[in-house]
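Q: Could you walk me through how to read the fold and the charge pairs of a model like this one?

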Amino acid sequence: MNKQKMAVIGLGHMGRHMIHRLLPQYTEKIELVAICDSDESSLHREAAEAEIGPRQYTDYRQLLDEVTLDLVYIAVPPSLHYDVARIAFEKGIHVFCEKPLANSLTEARSLVELAEESNVFHAVHFSLPLDPAVLKLQGLLEQQAIGRIQSMELYLEFPQWPRAWQQNPWITSRQQGGYLLEVGIHWIQMIQQVFGPITHVKSEIEFPPDSNQSESRVQAVLRLHNDIEIRLSGTDQLEGEERVSLVVHGEEGTLALENWCNLYRSSKDADLQRVSVDDVVSPLPILKQIIQILNGESGLIYDFHNGYNAQVVLEALRKPGEGFTDVRPQLMGDKTEGFIVTT
């Protein structure tokens with residue numbers, strides 16, 4: 001079996017995670033042949049720490065022009081997603097892109113069109129719907145464990161933004177940073193997978209006096225296709241520990257997904273109790289699924305259509321109108337499920 005040749009473009013938190021944590025698990029199936037970052041010292045440091053010898057570039061255009069690739073992982077800031085993916089598609093290279101898909105809805109739609117025209121594989125790095133706790137939650141909902149869903153609450157609450165490990169110049173910018181874009185997009189996309197399309201959005205946002213800074217406070221309502229409403233509370237001034245959670249209220253009880261991966265359940269007359277997810281087999285990581293697809297096997301991924309539909313809701317949250325915004329005219333067909341792809 002020939003190894004898939006891969007490049008990583010962008011050596012921030014996610015690019016380093018790919019190099020140091022994920023790729024070492026699949027060295028027999030994939031070869032990291034090139035890395036790219038605008039900071040030359042980062043290039044040398046990450047290559048040395050990983051004890052690998054890929055070609056090193058500070059210009060992604062030069063990398064994509066000179067290196068023969070099967071797959072590129074795009075982990076640069078959102079404002080660069082469009083250009084990197086566009087060039088890759090033009091060269092027939094498969095694309096694995098970090099979220100959000102692009103830096104605007106216009107760019108995201110264009111990337112979907114380019115992806116369709118290129119006839120190559122494309123995926124966005126959405127993993128939350130395949131986390132064991134989310135799979136368990138979905139199974140309990142299918143079993144009617146809490147009865148008919150009545151309402152939900154989504155908490156994106158931080159004592160500071162950015163978090164201590166996210167210190168970079170763009171993570172707080174209003175253009176391409178903020179917790180709605182960085183964290184909220186994961187939950188938007190997961191909700192679309194588990195609960196169905198979000199069709200209406202109402203949002204109120206407060207920003208700092210500095211016009212370059214991202215949101216400080218958000219109060220919003222996301223309305224699902226079946227009229228169930230999700231109340232969103234966001235802040236970067238929480239007193240206490242970070243809370244990133246979804247609480248689902250049903251007629252017969254509550255399910256709470258606390259801090260990404262801790263699942264709790266209660267009945268109407270009992271307190272929340274921890275739910276074990278040890279019996280759940282997850283298909284994660286997404287990279288494993290991508291490798292399977294590139295080797296001609298079936299794999300479960302979320303493609304650029306899915307990334308676009310999540311971005312429709314994200315942009316409605318970040319740029320509120322008067323009252324509810326109906327986002328249905330912007331959605332691309334029924335693209336709210338994971339895709340099993342065979343090349």
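Q: Where should I start: what share of the contacts in the chain with a separation of 6 or more comes from residues 24 or more positions apart?
A: Start with the separation along the sequence. In this predicted model, residues 24 or more positions apart account for 69% of the contacts with a separation of 6 or more.

Q: How many helices and strands are there in the chain?
A: Glad you asked! The chain has 9 helices and 17 strands. Its radius of gyration is 20 Å, close to the 20 Å that the globule rule gives for 343 residues, so the chain is as compact as a globular protein of that length. Along the principal axes, the C-alpha atoms fill a box of roughly 60 × 50 × 40 Å.

Q: And what percentage of the residues count as buried?
A: Here 55% of the 343 residues count as buried. The accessible surface of the chain comes to about 15300 Å², and carbon and sulfur atoms hold 43% of that area.

Q: Now for the charges. How should I think about salt bridges, and how many are found in the whole structure?
A: The general idea is friendly enough: side chains of opposite charge can pair when their charged atoms come close. A search of the whole structure gives 20 salt bridges.

Q: Which residue does Glu46 meet in a salt bridge?
A: Its partner is Arg45, at 3.5 Å from N to O. Look at the cover on each side chain too: Glu46 counts as buried because its relative accessibility is 3%, under the 20% cut-off. Arg45, with a relative accessible area of 38%, is partly exposed.

Q: Where in the chain do Glu66 and Arg55 lie?
A: Glu66 forms a salt bridge with Arg55, and their closest N and O atoms are 3.6 Å apart. This pair links distant parts of the chain, with Glu66 in helix α3 (residues 60-66) and Arg55 in strand β3 (residues 55-57), 11 residues apart. Both ends are partly exposed: Glu66 has a relative accessible area of 40%, and Arg55 has 42%.

Q: What is the N to O distance between Arg328 and Asp326?
A: The side chains of Arg328 and Asp326 meet in a salt bridge at 2.8 Å. Arg328 is partly exposed at 46% relative accessible area, and Asp326 is partly exposed at 32%.

Q: Which residues do salt bridges with shared partners join into one network?
A: Follow the shared partners and you reach Asp59, Arg61, Asp83, Arg86 and Glu90.

Q: Last one: how far apart are the mean positions of the positive and negative charges?
A: Compare the two centres. The chain has 29 positive and 48 negative charges, and their mean positions are 1 Å apart.

Technical notes
Residues are numbered from 1 along each chain as its sequence is written. This is a predicted model: local features need pLDDT of at least 70, side-chain atom pairs count only at pLDDT 80 or more; totals for chains, interfaces and linings use all residues. Side-chain values use heavy atoms; hydrogens and water are left out. A salt bridge is a side-chain nitrogen of Lys or Arg within 4 Å of a carboxyl oxygen of Asp or Glu. Buried means under 20% relative accessible area, exposed over 50%, partly exposed in between (1.4 Å probe, protein chains only). Helices (H or I, at least four residues) and strands (E, at least two) are DSSP runs, numbered from the N terminus. The radius of gyration is taken over C-alpha atoms; the globule rule is 2.2 Å times the number of residues to the power 0.38. Contact means heavy atoms within 4.5 Å. Accessible areas come from the Shrake-Rupley method with a 1.4 Å probe; for residues, only the protein chains shown count as cover. Lys and Arg count as positive and Asp and Glu as negative; His and the chain ends are not counted. The place of a charge is taken as NZ of Lys, CZ of Arg, CG of Asp or CD of Glu.
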